[in-house]
Amino acid sequence: MVRKPGLVSETTRKSPRTFIRNIEQETKKLTHHGWMDSGRQSPTKMASGFSVPPEDSSLTERVRSKLHDHRGLLATFIGALCFATEGILVKLLKGDIPVIQLVCLRFFLTGIFSFLFGMYTSMEFRIQSKREAILLVTRTLPSTIGIALFFYSMFNMSVGLATSIVYGSPVFLGIFAWIFIREPFQCRDIVLVIINLAGIVLIAQPPFLFTSEDMDSTKKTELKAIAAAVSAMLLTAMGQLSARLLGLINCSASKMVFYYSMGATVVLAIVGLTMKAWIIPPCGTPRYYIVMVGFVGFIANVLFAYGFTSTKKAYFVSLVNSSEVPVTIVLEIFILEVIPNWISVLGACLVVASALGVVFREGTLLMRQNDKENDNDVVKEEIDGSYESIPLSERNE
């Protein structure tokens, strides 16, 4: 008896990965032509039994559908804009309020907004375990010091360059993950660290390497600010490691933001009282700026949490997050009229490139893992199908 030709050839049967990719390509083609679209009305049936594509929807509906499909990335981009705006507001408050008091008020307002948001969403505020409490503390302390140093660096150097330095924290997150939780650290990670450090050197432009730079009081202040930004990057990486471990025990992002903000408020209030760095903020515009710093910081954290939870591939969110650096530089040029030199911009590009290298590495590993899981599922289905095709009388033989 001649075997009827099936939908799957023998070569495709031997290569499950090729089989899956062919199905995905055919599905994309059908979706592109309107034959398969879950967001539209189901296709009508002709008398012959063949499906016909629905009528083309309006431009507004198509734009709305695209925005809904990529809502997580859009939220991340708006969050990056909020963080860039926060940096400009911090720079505008220089000379009006001490940095410790500004950071404390920022965390206090963020904590208040987080509490109201948690009450609205019926968030569980109670700490579930001792391990969660320890991780919340280890998340709060380094990140609080890191944010304080980051605000100090923005007070005394370019906001865009300080942001680009701190943005390189994912590179050193790999080092801390290798030290504390034994994640693999490969040669390409070492290359990314070297690229990151080279970018920081180009941003700093120390006089012993760049003879055109003079070691005056302004340069000394700028070098101190760069050292603060580098320290903030390392402390941020440690805080991100604790946040990753909190995510593994199903601690919600809103809960992390609330305890992080309240803990930072207490720590900075004690430090500010000890250093006697408290003043009454000036009336008028500075007070509005302070409130905006807290509100914008809260909105940015919520949008980032929403972006990571509503997007299946988290490395896409990290890619969109990289837009914070160029947006900050552009806002600084137009609002503060500060134009960095080309060497500093090149250094900022190297730092961002090293962070994006980490993102691409994670994305590649995730894609390989998904392909391997798909291959195993297809092979398992073929084995189960072959077993089902065997007569019952022959299965036990």
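**Notes on a predicted helical chain**

1. Let me start with K220, which is partly exposed at a relative accessible area of 45%. That value lies between the 20% under which a residue is buried and the 50% over which a residue is exposed, so K220 takes the middle class. Please keep in mind, here and below, that this is a predicted model. K220 sits in helix α10, which covers residues 217–248. P206 is 14 residues away from K220 in sequence, and the two C-alpha atoms are 9.6 Å apart in space.

2. Now for the chain as a whole. Its secondary structure consists of 16 helices and zero strands. Of the 397 residues, 38% are buried. The chain exposes about 23,700 Å², and 65% of this area comes from carbon and sulfur atoms. If we take the contacts between residues at least 6 apart in sequence, 80% of them join residues at least 24 apart.

3. Helix α5 is a good one to check against its expected length. It runs over residues 99–120, and its 22 residues should span 32 Å at 1.5 Å a residue. The C-alpha atoms at its two ends are 32 Å apart, so the span agrees with the expectation. After α5 comes S122, with a positive phi near 55°.

4. You may like to look at the aromatic rings next. The count comes to nine aromatic pairs. In one of them, the rings of F113 and F298 have centres 5.7 Å apart and planes at 35°; this angle is neither under 30 degrees nor over 60, so the pair is tilted. The pair brings together distant parts of the chain, since F113 belongs to helix α5 and F298 to helix α12 (residues 285–310), 185 residues apart. F113 is partly exposed at 22% relative accessibility, whereas F298 is buried at 9%. Ring pairs also link F113 and F298 with F117 and F295 into a cluster.

5. A second ring pair involves F258 and Y259. Their ring centres are 5.3 Å apart and their planes meet at 80°, which is over the 60 degrees required, so this pair is edge-to-face. How do the two residues fall around the 20% cut-off for burial? F258 has a relative accessible area of 12% and is therefore buried, while Y259, at 24%, counts as partly exposed.

6. Helix α8 (residues 169–180) passes the length check too. From its first C-alpha to its last, its twelve residues reach 16 Å, close to the 16 Å expected at 1.5 Å a residue. Which residues of α8 are buried? They are S169, V171, F172, L173, G174, F176 and A177. As a reminder when viewing such a list, residues three or four places apart point the same way because an α-helix has 3.6 residues a turn. Just after α8, R182 takes a positive phi of about 60°.

7. Finally, do have a look at the surface. L92, V330, I333, F334, I335 and I339 form a nonpolar patch there, and their accessible area together is about 590 Å². Which helix gives the most to the patch? That is helix α14, residues 324–336, with four residues. V330 lies in this helix and is partly exposed, with a relative accessible area of 41%. Patch residues must have over 30%, so V330 meets that limit while still falling short of the 50% mark for exposed.

Definitions and conventions:
Residues are numbered from 1 along each chain as its sequence is written. This is a predicted model: local features need pLDDT of at least 70, side-chain atom pairs count only at pLDDT 80 or more; totals for chains, interfaces and linings use all residues. Side-chain values use heavy atoms; hydrogens and water are left out. Patches are made of residues with over 30% relative accessible area and no salt bridge: like charges are joined within 9 Å, nonpolar side chains (Val, Leu, Ile, Met, Phe, Trp, Tyr) within 5 Å. Accessible areas come from the Shrake-Rupley method with a 1.4 Å probe; for residues, only the protein chains shown count as cover. A salt bridge is a side-chain nitrogen of Lys or Arg within 4 Å of a carboxyl oxygen of Asp or Glu. Buried means under 20% relative accessible area, exposed over 50%, partly exposed in between (1.4 Å probe, protein chains only). The expected span of a helix is 1.5 Å times one less than its number of residues. Contact means heavy atoms within 4.5 Å. Rings of Phe, Tyr and Trp (its six-membered ring) pair if their centres lie within 6.5 Å; planes under 30 degrees apart count as stacked, over 60 as edge-to-face and the rest as tilted.
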